[in-house]
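Biologist: I am new to this structure. Please take me closely through one part of it, the largest pocket, and then through what surrounds it.

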Amino acid sequence: MVTVQGLLLAAGAGRRMGMPKALKRDPDGTSWLARSVGVLDEGGCTAVSVVLGASGPAGEVSLPRTDYVHCPAWEEGIGASLACGLRHLATTDADAALVHLVDLPDVGAVVAQRILGDTVERGSLRRAVYDGVVGHPALIGRDHWAPLVAELAGDRGAGAYLRRHSAQEIDCSDLATGVDVDAPDTTR
């Protein structure tokens with residue numbers, strides 16, 4: 001049986017937001033972190049690892065099947081956070097990672113389920129697409145972790161790697177917009 005581990009990136013300072021997004025809450029009190037972990041959990045992941053940074057331990061929320069990794073290089077950008085998370089997953093028995101971001105409020109579990117599809121392999125590469133724009137979540141099979149980590153740097157994520165390796169693009173426009181929330185005036 002193939003094991004897919006969720007990997008939630010939530011390490012940034014959220015400077016335009018005015019606070020780390022891992023600490024944000026919806027108007028109803030739901031934390032963005034808990035909502036995003038739920039997307040991965042309900043979407044079919046066996047467990048979820050959350051990469052934190054700017055929020056420190058204050059970002060940790062007690063959730064089932066969830067662990068936390070603190071990225072000491074979080075200020076370098078998303079590349080450093082993703083590399084930290086993938087290095088952590090390399091110590092587990094996971095065959096693939098479903099990578100998601102904490103600031104995508106309209107991306108639900110149905111999107112994660114569509115990206116996972118019927119089969120996942122250690123060589124899988126898939127990403128969500130919304131109205132022609134690539135986004136998250138992205139499925140990265142274990143065979144790709146080490147080569148991807150070797151090229152991640154600064155605020156560059158996996159985009160170039162996924163393009164170069166012809167990641168399967170899966171349209172999710174009927175399920176969500178995939179738009180990230182970067183400032184308080186863009187929250188729902």
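Modeller: What follows starts with the largest pocket and then turns to the second pocket, the salt bridges, one helix and the cysteines. The model is a predicted one, in which local features need pLDDT of at least 70 and side-chain atom pairs count only at pLDDT 80 or more, while totals for chains, interfaces and linings use all residues. Residues are numbered from 1 along each chain as its sequence is written, and side-chain values use heavy atoms, with hydrogens and water left out.

The largest pocket holds about 700 Å³ of space. A pocket here is found on a 1 Å grid over the protein atoms alone, as an open set of points where a 1.4 Å probe fits, with protein on both sides within 12 Å along at least five of seven lines; lining residues have an atom within 4 Å of a point. Grid points are joined across faces, edges and corners, and the volume is the space filled by probe spheres set on the points. The lining has 26 residues, and those closest to the centre are G12, K21, I78, D103 and D155. Strand 1 (4-10), helix 2 (78-89) and strand 6 (133-141) each give at least two residues to this lining. Helices (H or I, at least four residues) and strands (E, at least two) are DSSP runs, numbered from the N terminus. By class, the lining divides into 11 nonpolar, 7 polar and 8 charged residues. In this scheme Ala, Val, Leu, Ile, Met, Phe, Trp, Tyr, Cys and Pro are nonpolar, Asp, Glu, Lys and Arg are charged, and the others, Gly among them, are polar.

Two of the central residues are paired with each other. D103 and K21 form a salt bridge, with their closest N and O atoms 2.6 Å apart. D103 lies in the loop between strand 4 (96-101) and helix 3 (109-116), and K21 in the loop between strand 1 and helix 1 (32-42), so the pair ties together parts that are 82 residues apart in sequence. A salt bridge is a side-chain nitrogen of Lys or Arg within 4 Å of a carboxyl oxygen of Asp or Glu. D103 and K21 are both buried; buried means under 20% relative accessible area, exposed over 50%, and partly exposed in between (1.4 Å probe, protein chains only).

The second largest pocket has about 210 Å³ of space. Its lining counts 15 residues, with R127, G135, H136, A158 and G159 nearest the centre. Helix 2, strand 6 and helix 5 (159-164) are the elements that give two or more residues to this lining. Strand 6 has the largest share, 5 residues. By class, this lining has 9 nonpolar, 4 polar and 2 charged residues.

The structure holds 7 salt bridges. One of them joins R122 to D95, with the closest N and O atoms 3.1 Å apart. R122 sits in the loop between helix 3 and strand 5 (125-130) and D95 in the loop between helix 2 and strand 4, so this pair ties together parts 27 residues apart in sequence. R122 is partly exposed at 39% relative accessible area, whereas D95 is buried at 12%. Together with D143, D95 and R122 are linked in a network of salt bridges. Another salt bridge is that of E151 with R164, whose closest N and O atoms are 2.5 Å apart. E151 is in helix 4 (residues 145-151) and R164 in helix 5, 13 residues apart.

Helix 1 is mostly covered, with 8 of its 11 residues buried. Among the buried residues are W32, L33 and V39. Their cover includes strand 1, strand 2 (47-52), strand 3 (66-70), strand 4 and helix 3. A109, in helix 3, is buried with a relative accessible area of 16%. Apart from neighbours within four places in sequence, A109 is in contact (heavy atoms within 4.5 Å) with V39, E42 and G43. Just after helix 1, G44 takes a positive phi of about 120°.

Last come the cysteines. A disulfide is counted when two cysteine sulfur atoms are within 2.5 Å, and the count is 0. For C84, which is in no disulfide, the nearest cysteine sulfur is that of C71, 4.1 Å away. The sulfur of C45 is 14 Å from the closest cysteine sulfur, in C172, too far for a bond. C45 is buried, at 5% relative accessible area, and C84 is buried as well, at 10% relative accessibility.
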